[in-house]
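Thanks for making the time this morning. I would like to walk you through one part of this structure, and I will take it slowly so that you can follow along on the screen.

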Amino acid sequence: MSNRRVAIVAGCRTPFVRAGTVFRDLTAVDLGKACVRELLERTEVAPASIDTVVMGQVVPSVKAPNLAREVALGAGLPKSVPAHTVNRACASANQAIADVASAILLGHVEAGIAGGSECLSDVPILLGRRMARILVEAQKAKSLGARLATFARVRPRDLVPEAPAIAEPSTGLTMGQSAEKMAKENGITREEQDRIALASHRNGWAATEDGRLPAETCAVHVPPAYDVAVTADNLLRKDASLEALAALPPAFDRRHGTVTAGNSSPLTDGAAAVLLMSEEKARAEGYDALAYVRSWAVAAVDPGGQLLMGPGLAIPKALERAGLQLSDMDLVEMHEAFAAQVASNIQALESEAWAREKLGRSTAVGRVDRDRLNVCGGSIALGHPFGATGARITTTLAHEMKRRAAKFGLISVCAQGGMGFAMVLER
Ligand SMILES: CC(C)(COP(=O)(O)OP(=O)(O)OC[C@H]1O[C@@H](n2cnc3c(N)ncnc32)[C@H](O)[C@@H]1OP(=O)(O)O)[C@@H](O)C(=O)NCCC(=O)NCCS
């Protein structure tokens, strides 16, 4: 076992905005660059002292499939700094952080940048296989006549685009349908879901008003003239209320559903990144670390069962590796894909039956104190740019731990494919 520790030195993010709005003319690379450039400026770290960059992205661009490398080059890091991109669905930025942390623990690197970026305003729109074949053949045609003859085979249905679906490839169910299934099977009421959504907005709004979240957010200049800077999140609702949430129609099961646009995370554009260093390097460079990585774990459940229950397995695993209990956690950050998923995982952690059947232990993992949960808001209110969320959560938790002089903090994220990620931070 390594006796090295991984320091979270700093973190920042772009504003998180509704997809198709103010970042609609940007790409995930643009957002990642803006964020990493700001992280370098704020920390005044020497770009040459960064040994690696790892970024997460869930819906990659066919033009820049290794997002991390483009971000590193574009953000002004030396061309000699290697970079790779990871995809662990919504836990991709967490995986990026774990990758850099592993490299630090192994002694392979001393400092790295980890984060993620997602621009759902810029998803690849695909044409079917038949149309793709026709385009390739037309490109190879030796004469204009042959080319026109190839194009003459195009039928109207070949022009119908296919956008990537937010659905499980192995079951065909969308994330929303999966959340709906979990709400029904676990008896999670509409009211409980709406209360979680309301807390997300209230806490997010409070942390925005008092400057905690704006302090983590950088400005992004947008086209066409790049003279306008976007500086604020645009999904958060100051006026969120239980009444307004209760009035929304179900989004995924019109007749019997309880999952709505109000208690789901919205489609979002944004990027986030953290600067990680070995404890020794952070000290030598004079940085006061926000927090240290104590442990982490990943787990997976059958995607055909309850898709988003991964945290219910990953959390006890990360706590065991940390040698700690859930009750030791001063703060808990749970990614809110859907309020139904948050409530279902909390229910599992509090359940003896879950502990017996899934974890082979006789006692429940423990209670999640709602007053320590997502105290600066969560993905429902702030938004969820898939590849970036993990770095947003890690940044916010580390800052909040420092502010409150907290000893331990817990992160959990559910992800497509039935996966879950958890990490314990310490100070
Ligand atoms: C749920 C989802 C389908 C909703 O999409 P949408 O209909 O485009 O959502 P909108 O933001 O337009 O919201 C619909 C309506 O609810 C309203 N609304 C949303 N949240 C609200 C709130 N907290 N209070 C009051 N009204 C709210 C909107 O204002 C909008 O009203 P309008 O129709 O009068 O304009 C979409 O956000 C989604 O797919 N989310 C899930 C993403 C996902 O799968 N993530 C993966 C997680 S792992």
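Let me begin at a turn: strands S11 and S12 form a hairpin with three residues between them, and within that turn Gly417 has a positive phi of about 85 degrees. Please keep in mind throughout that what you are looking at is a predicted model.

On either side of the turn, S11 and S12, the latter covering residues 419–426, pair in the antiparallel sense over eight bridges, and in that pairing Ala415 stands opposite Met419 in S12.

S11 has another partner as well, since strand S10, residues 331–334, pairs with S11 in the parallel sense over four bridges, with Leu331 standing opposite Gly409 in S11.

Now, how many of the eight residues of S11 are buried? The answer is eight of eight, so to speak, for the whole run of residues 408–415. Looking at the two faces, Phe408, Leu410, Ser412 and Cys414 point one way, while Gly409, Ile411, Val413 and Ala415 point the other way, and all of them are buried.

That brings me to the largest pocket, where S11 and helix H6, residues 175–186, each supply at least two residues of the lining. The space in this pocket comes to about 740 Å³, and of the 32 residues that line it, Leu120, Ile166, Met175, Leu267 and Phe386 lie nearest its centre. As for the character of that lining, it divides into 24 nonpolar residues, eight polar ones and no charged ones.

Methods
Residues numbered from 1 in each chain as written. Predicted model: local features only at pLDDT ≥ 70, side-chain atom pairs only at ≥ 80, totals over all residues. Heavy atoms only, no water. Buried < 20%, exposed > 50% of the residue type's maximum accessible area, 1.4 Å probe, protein only. Pairing = 2+ DSSP bridges. 1 Å grid on protein atoms, 1.4 Å probe; cavity = no way out; pocket = protein on both sides within 12 Å on 5 of 7 lines; lining within 4 Å. Points joined across faces, edges and corners; volume = space filled by probe spheres on them. Nonpolar A, V, L, I, M, F, W, Y, C, P; charged D, E, K, R; others polar.
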